[in-house]
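Here are my notes on this one, as promised. Have the model open while you read, and shout if you see something I have missed.

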Amino acid sequence: MNYHSPSSFEEASAIAAQAGGTTRFLAGGTDVLVQLRADIVTPDDLIDIKHIPGVREIVRTEDGGWRIGVAVAGAEMSECADLCADWPGVIEGMDLIGSTQVQGRATLVGNLCNGSPAADSVPGMIAAGCTVTIQGPDGSREVAVETIPTGPGKTALAKGELITAVTIPARGENGGDAYLRFIPRTEMDIAVVGCAVNLRLDGDTITEARVSLGAVAPVALLVEEAAKAIIGTTLDDAALDALAAAASAACNPIDDKRGTIEFRTHVAGVLAKRAAKIAYARAKGESA
């Protein structure tokens, strides 16, 4: 195995583009190192991007959003009070990944690029409208988070491409978000269903919304019909029922030892209603 420690993303991309075998990027390492130790994958080239300038930074963008470096750990995000105040749902998803020790290493980008349909941080990023910056042999580009996963363990990244940062939009006025998941245990488990809701209000009426589901399809979903069900409403019972129905209708889950298709489909609707209520309360400045 060849170990590389590039000093720039351009260099990292060039190394990956020229590599002939299996390549892995190392930022937090909570997935890569576990897979390596378990002999699931042995990279021919391991590219350590932790030492590239800026990878551990959380910074405000000019429009009031946030740019999260590729190697920023979940624990560092949770310690940023302003980020937590703006996007509690994004933080909630990231906070649910692993143990306290894992939180000191795990990253948003790593969780995204691992390609798990049950990744806890991904629905929150999708609901928030996050984008990622991709560096490749032909330069850099910005794409929506929901375009990255293409299936279990698979991403849309081409050879030589890597994600360099996550950008979270400006929160703006009268907005709120939330993430909930169902697991069989009380902690440190994989989501059977996850749901994130992000919305904005004008008075008591929802004017914008995004709803995302995890662990109910081969990739995390952006459910536009679920968002449409609550836009223009005050989140009354009829709107909540329509939201739940749209969320359940979007599901395409599997049967496994943690949950049946029927169970996951039902729970998706239940969590959508609960997450929407929390996001709505947060948008109104009330305790959820």
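1. A quick cut-off before anything else: a residue is called buried here when its relative accessible area is under 20%. Keep in mind, too, that this is a predicted model.

2. Start with alanine 12, which sits in helix H1. Its relative accessibility is 0%, so alanine 12 falls on the buried side of that cut-off. Setting aside neighbours within four places in sequence, alanine 12 touches Pro6, Phe25, Ile47, Ile49 and Leu162. The leucine is the one I would click on: alanine 12 and leucine 162 are 150 residues apart in sequence, yet their C-alpha atoms are 8.2 Å apart.

3. Now widen the view to the helix. H1 runs over residues 9–18, and its buried residues are Phe9, Ala12, Ser13, Ile15 and Ala16. Looking down the axis of H1, these buried residues fit within an arc of 160°, so they line one face of the helix. The general background is familiar: an α-helix has 3.6 residues a turn, so residues three or four places apart point the same way.

4. What covers that face? Among the elements over the buried residues of H1 are strands E1 (2–4), E2 (23–26), E3 (45–48), E6 (131–136) and E10 (162–168).

5. E3 deserves its own point. Asp45 and Ile47 point one way from this strand, Leu46 and Asp48 point the other way, and all are buried. E3 pairs with E1 in the parallel sense, over 3 bridges, and histidine 4 stands opposite isoleucine 47. E3 also pairs with E2, again in the parallel sense, this time over 4 bridges; there, threonine 23 has aspartate 45 as its bridge partner. Between E2 and E3 comes helix H2 (residues 32–37), and E2, H2 and E3 make a right-handed β-α-β unit.

6. Elsewhere in the chain there is an open sheet of 4 strands, with antiparallel pairing, in the order E11-E12-E13-E14. Its edge strands are E11 and E14 (221–222), each of which pairs on one side only.

7. Taking that sheet from the E11 end: E11 (residues 175–182) is mostly covered, with 6 of its 8 residues buried. E11 and E12 (residues 193–202) pair in the antiparallel sense over 8 bridges, and glycine 176 stands opposite leucine 199 in E12. At the E14 end, E13 (residues 205–214) and E14 pair in the antiparallel sense over 2 bridges, with leucine 213 opposite leucine 221.

8. How many aromatic pairs does the structure hold? Just 1. Phenylalanine 182 and phenylalanine 263 form this pair, which is edge-to-face, with 5.2 Å centre to centre and 70° between the planes. The pair links distant parts of the chain: phenylalanine 182 belongs to strand E11 and phenylalanine 263 to helix H11 (residues 261–283), 81 residues apart. Phenylalanine 182 is partly exposed, with a relative accessible area of 31%; phenylalanine 263 is also partly exposed, its relative accessible area being 31%.

9. One last side-chain detail: arginine 171 lies over the face of tryptophan 87, at 4.0 Å from the ring centre.

How values were computed: Residues numbered from 1 in each chain as written. Predicted model: local features only at pLDDT ≥ 70, side-chain atom pairs only at ≥ 80, totals over all residues. Heavy atoms only, no water. Buried < 20%, exposed > 50% of the residue type's maximum accessible area, 1.4 Å probe, protein only. Arc of directions from axis to C-beta. Contact = heavy atoms within 4.5 Å. Pairing = 2+ DSSP bridges. Right-handed = clockwise from strand over helix to strand, strands pointing away. Phe/Tyr/Trp six-rings, centres within 6.5 Å; stacked < 30°, edge-to-face > 60°. Lys NZ or Arg CZ within 6 Å of the ring centre and 35° of its normal.
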